[in-house]
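Below is a short set of questions and answers on strand pairing and helix packing.

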Amino acid sequence: MIYKNHLSKKIDSTALLLLNEIAVQHYDGKNITVTEAMLLSNIASPATVHRKLDELREAGLIEQVFEGKNRRTKYLVPSKEADSYFAKMSKAITNAVNS
């Protein structure tokens, strides 16, 4: 599956898997760092994950934020654009189940 957001950025299935993982961790209150994301070998190699993180950031689907006073560690969080994407997917799934 390829998702195309309002910024006309194409996001492939590997990047969407990574976005899903970032979102699940975020909503569980466990934001992950770039380093932790690169260890997600079930999604892709570290180099590919790093490249996909850049694609997601450029597409406006994730943001890097600091927590507390630690300015060295950046955490990955879904953006408002990602929230919109997940809302659309939820609606589509609900419609499919109800039809």
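Q: What is the bridge partner of I32 in β5?
A: The model is predicted, so local features need pLDDT of at least 70 and side-chain atom pairs count only at pLDDT 80 or more, while totals for chains, interfaces and linings use all residues. Residues are numbered from 1 along each chain as its sequence is written, and side-chain values use heavy atoms, with hydrogens and water left out. Strands (E, at least two residues) and helices (H or I, at least four) are DSSP runs numbered from the N terminus. Strand β3 (residues 32–33) and strand β5 (residues 70–78) run antiparallel and are joined by two bridges; T33 has Y75 as its partner in β5, and I32 has L76.

Q: Which residue in β5 does E67 stand opposite?
A: Strand β4 (residues 62–67) runs antiparallel to β5, with five bridges joining them. The two form a hairpin with two residues between them, and G68 in the turn has a positive phi of about 65 degrees. Opposite E67 in β5 stands N70.

Q: Which are the edge strands of the sheet?
A: Two strands pair if DSSP finds at least two bridges between them. The open sheet has three strands in the order β3-β5-β4, with antiparallel pairing. Pairing on one side only marks the edge strands, β3 and β4.

Q: What angle does the direction of helix α1 make with that of β5?
A: Helix α1 (residues 13–27) packs on the sheet and touches β3, β4 and β5, contact meaning heavy atoms within 4.5 Å. Axes are lines fitted to C-alpha atoms, for helices over the stretch in contact, and angles run from 0 to 180 degrees between N-to-C directions. For α1 and β5 the angle is about 110 degrees.
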